[in-house]
Structures are given as C-alpha cells and as structure tokens.
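Colleague: I have a model open and would like the reasoning behind some of its labels. Could you take them one at a time?

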Amino acid sequence: MTSATLTTDAAAPSHTPGGGRRALVYTLRKLGLFVLTLWAAITLNFALPRLMPGSPADAALAKLSQNGPVSEATKAAIEAQLGVPTGNILEQYVAYLHQVVTLDFGVSYTFYPQSVSELVSTALPYTLVLVGVVTIVAFVLGTLLGVLAAWKRGTWLDTLPTLAGSFASAFPYFWTALLLLFFAGYVWRLFPTSGAYGPTASPELSFSFLGDALYHAFLPALTILITSLGGWILGMRNTMISTLGDDYVTFAEANGLKPRTVALRYAARNAILPNLTSFGLALGGVVGGSILVERVFGYPGVGYLLFNAVTNQDYPLMQALFLMITVSVLVANFLVDILYGVLDPRTRR
C-alpha cells in the first residue's frame, strides 16, 4: 500500500461499516490501559515514601532535637499531629486510597499548620494560568510557524523563524529567566522581579487584580515562551518537509487545489501527529509547573511549592504534588491517544 493511499485514508472521515465499533473498542482499550496505569502510579506513589529510611516525622524531630533531647511523649504527639501512618501495610494502603479519593493528604511540615490540599489549591491556579496558557500559545504559534517555514522553505520565511527558534532554544530556562530578570527587572525597571501580585493587592475577581497579576506574570511567561517556541517550530518544520515529499501531496497539487488547502488540510494534518505526542507530554507537565522559572522569579506556583517541599523534606506535600503531576501526565496522554484516533483512523485497527 502506497503512502498516498495511507494518508488519504487518514485524512478522510471513516464511514466504513464497523468504523463506529472499532472506534468504541479503541476508546475502551485506551481507557482500560489508562485506569491500569493510574492504579500503578497511585500504588507506586504510596510505596516510595515508605521505602525511604526513617519516619516522615524524623525531619521535624531532628529540628527539635537541636534544642535538646526529645521525649517519647513529644515524639508521639508530633507523629499524631503530622499524621504519621499507623497499622499494617494493608491498613495504610486503604487509608491512603481514601486520602486520594477525598484529596486529603494531611498537614504540610513546611507550612504547618496549613493542609496540603489548601496549599496546592492556592498555588495551582497560578501555574495553570502561567505555564498552561503559555504552553498552548507556544504550541499553536510554533506549529503554524513550522508549517509556514516548511511550505516556504528556502526563503526568508523559512530562514528567519528557523534561525530564531534554534537560537532561542539553545538557552536554558534559568539563564533566559536571569537575563530578563536582570535587564527588564533591575536595570530598566519595567516589570516586577518577584511575586504573583503587588504587596497591596489581594486576590479577587476584579480587573485591577487581574491586570496586576498579568503584569507580574509577564516575565515568567515570556521566559517560557522564548525557550519553548523554537522546539515546536523546528519539530513541525522537519516533519512537514518530510510529509511534503509524499505522493498524495504531489497528487493534490496536480489536481489544482489551493496551496493553503494542500498545506493545512493534507500535509499539516498528517505532519502534526508526532507533535501532538510532545504536546500531550508538555500539557501534562503543566501541573508540575516550571520549577526553575518560578524559583528565579519567586512566582508562587506549583513548581515553587515543589522546590520548597523537596528542600524541607516535606513528605506529605511532595507525595501530593508527585501524584498530581503523574495523574495530569496520564490524563493528557489519554486525551492525545483519543485525538490520534480521530485524526488518523488507522490507529484504531
């Protein structure tokens, strides 16, 4: 079977008898795999902290022991306050599953007496708005620029975005963040250097607060956009150039179709499939935030929270964040798999 036949089948809607049944079987198979992987991730997240030496309360007890010996009564009280697991391993696993379902992961050691759920719910919106929106914008913009560069290869419309993307992607996140922080924050004083909003503002649904929040998020967002845009441009351009050499594209051009139709409806639709996999992973990683960028700008997102949790050995907070990041990646990959089946019906077979 030629590539022209294959791609024509992928681009055309599936109206063959049994196509709906195949789509249902494909979805159920992916759903079953997702549930199994999710259970494995939840179980692994339960096991890892318990395989580590010592008790989860050891970090808190070590700080107290610096001021003198800690009595057994004090140790027992601290373990009870911090929610140290009790009972056999099966009882702990059942209690852990209940925590996952109810989203109750106990109290944070670092930000005691705040609960882990409260800390995550406060930090998550900032990361979703900052990293999530920028990731989507970078993917859409980079994909379109990659299509344009491949379609106009050999011209300045190819050279300019390719060189700019290669140059920008060569700089790591933290280096770009430090450069923007130094020049735009300290030298030119165009933007604030830390925080998600001003010291006199309070979080609320108002235009003044939203404007202030966007003002503080500009430099972190620009950092992520600059460092991630080049990868999407180069990836889409290379795949698009390979697709443009297929027979079905030549056949479409010979039939007198408009260049825009050939580029977007035929070539780009098939060339974007590998990029979707990368986008799924990037979108799943949004919940984890961009740790280095949030750390450099002091932005109170999930990445900044995770950095503090690891630094202070905050096991309940780390466990909740790791589980949340894992689940988000699994959900994103599941949605990408379903989208694959829609764009390319061959994957259902």
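Colleague: What makes Pro161 buried or exposed?

Modeller: This is a predicted model, and in it Pro161 has a relative accessible area of 13%. Buried means under 20%, so Pro161 is called buried.

Colleague: Where does Pro161 lie, and which residues does Pro161 touch?

Modeller: Pro161 is part of helix H7, residues 156-169. Leaving out residues up to four places away in sequence, Pro161 touches Ala149, Trp156 and Ile233. To count as touching, heavy atoms have to be within 4.5 Å. As for Gly142, its C-alpha is 9.2 Å from that of Pro161, with the two positions 19 residues apart in sequence.

Colleague: What is the relation between H10 and H11, parallel or antiparallel?

Modeller: The axes of H10 (residues 247-254) and H11 (residues 259-284) cross at roughly 175° and come within 11 Å. Angles over 145 degrees count as roughly antiparallel, and H10 and H11 are therefore described as roughly antiparallel to each other. On the H10 side the contact is made by Tyr248, Val249, Ala252 and Glu253, and on the H11 side by Val262, Tyr266, Ala267 and Asn270.

Colleague: How do you know whether Thr243 is buried or exposed?

Modeller: Thr243 has a relative accessible area of 8%. The limit for buried is under 20%, so Thr243 is buried. Thr243 is found in helix H9, residues 207-244. Beyond four places in sequence, Thr243 touches Tyr248, Val249, Ala267, Asn270 and Ala271. Tyr248 and Val249 also belong to the H10 side of the contact with H11, and Ala267 and Asn270 to the H11 side.

Colleague: Why is Ser194 called partly exposed?

Modeller: Its relative accessible area is 44%. Buried stops under 20% and exposed starts over 50%, with partly exposed in between, so Ser194 is partly exposed. Ser194 lies in the loop between helix H8 (173-187) and H9. Apart from neighbours within four places in sequence, Ser194 is in contact with His216, Phe297 and Gly298. The C-alpha atoms of Ser194 and Tyr299 are separated by 6.2 Å, although these positions lie 105 residues apart along the chain.

Colleague: Arg189 is in the loop between H8 and H9 as well. What makes Arg189 count as exposed?

Modeller: Arg189 has 66% relative accessibility. Exposed means over 50%, so Arg189 counts as exposed.

Colleague: What is notable about the phi of Arg189?

Modeller: Arg189 has a positive phi of about 55° and is not a glycine. Most residues other than glycine have a negative phi. Leu103, also not a glycine, has a positive phi of about 55°. Gln313, just after H13, takes a positive phi of about 55° too.

Colleague: Is Leu103 buried or exposed?

Modeller: Leu103 has 55% relative accessibility, and the limit for exposed is over 50%, so Leu103 counts as exposed. Leu103 is found in the loop between helix H5 (89-102) and H6.

Colleague: Which residues of H13 are buried, and what covers them?

Modeller: In H13 (residues 302-311) the buried residues are Val302, Gly303, Leu305, Leu306, Asn308 and Ala309. Their cover includes helix H6 (116-151), helix H12 (291-296) and helix H14 (315-343).

Colleague: What does the protein contain in helices and strands?

Modeller: The protein has 14 helices and zero strands. Of its 349 residues, 38% count as buried. Among contacts between residues at least 6 apart in sequence, 75% join residues at least 24 apart.

Colleague: Which spans does the UniProt annotation "transmembrane region" cover?

Modeller: The unreviewed UniProt entry gives this annotation to several spans, including residues 31-48 and 163-188. In the model, residues 31-48 are 100% helix, and their end C-alpha atoms lie 26 Å apart. Residues 163-188 are 85% helix and 0% strand, with end C-alpha atoms 27 Å apart.

Colleague: Where should I not read the coordinates in detail?

Modeller: Where pLDDT is low. Over residues 1-15 pLDDT stays under 50, and the model has 23 contacts beyond four places in sequence for that stretch. The protein averages a pLDDT of 82, and 89% of the residues score at least 70.

Notes
Residues numbered from 1 in each chain as written. Predicted model: local features only at pLDDT ≥ 70, side-chain atom pairs only at ≥ 80, totals over all residues. Heavy atoms only, no water. Helix = DSSP H or I, 4+ residues; strand = E, 2+ residues; numbered from the N terminus. Buried < 20%, exposed > 50% of the residue type's maximum accessible area, 1.4 Å probe, protein only. pLDDT = per-residue confidence, 0-100. UniProt positions renumbered as here; feature names shortened; annotations may be inferred. Axes fitted to C-alpha atoms, helices over the stretch in contact; angles between N-to-C directions. Parallel < 35°, antiparallel > 145°, perpendicular 65-115°, else oblique.
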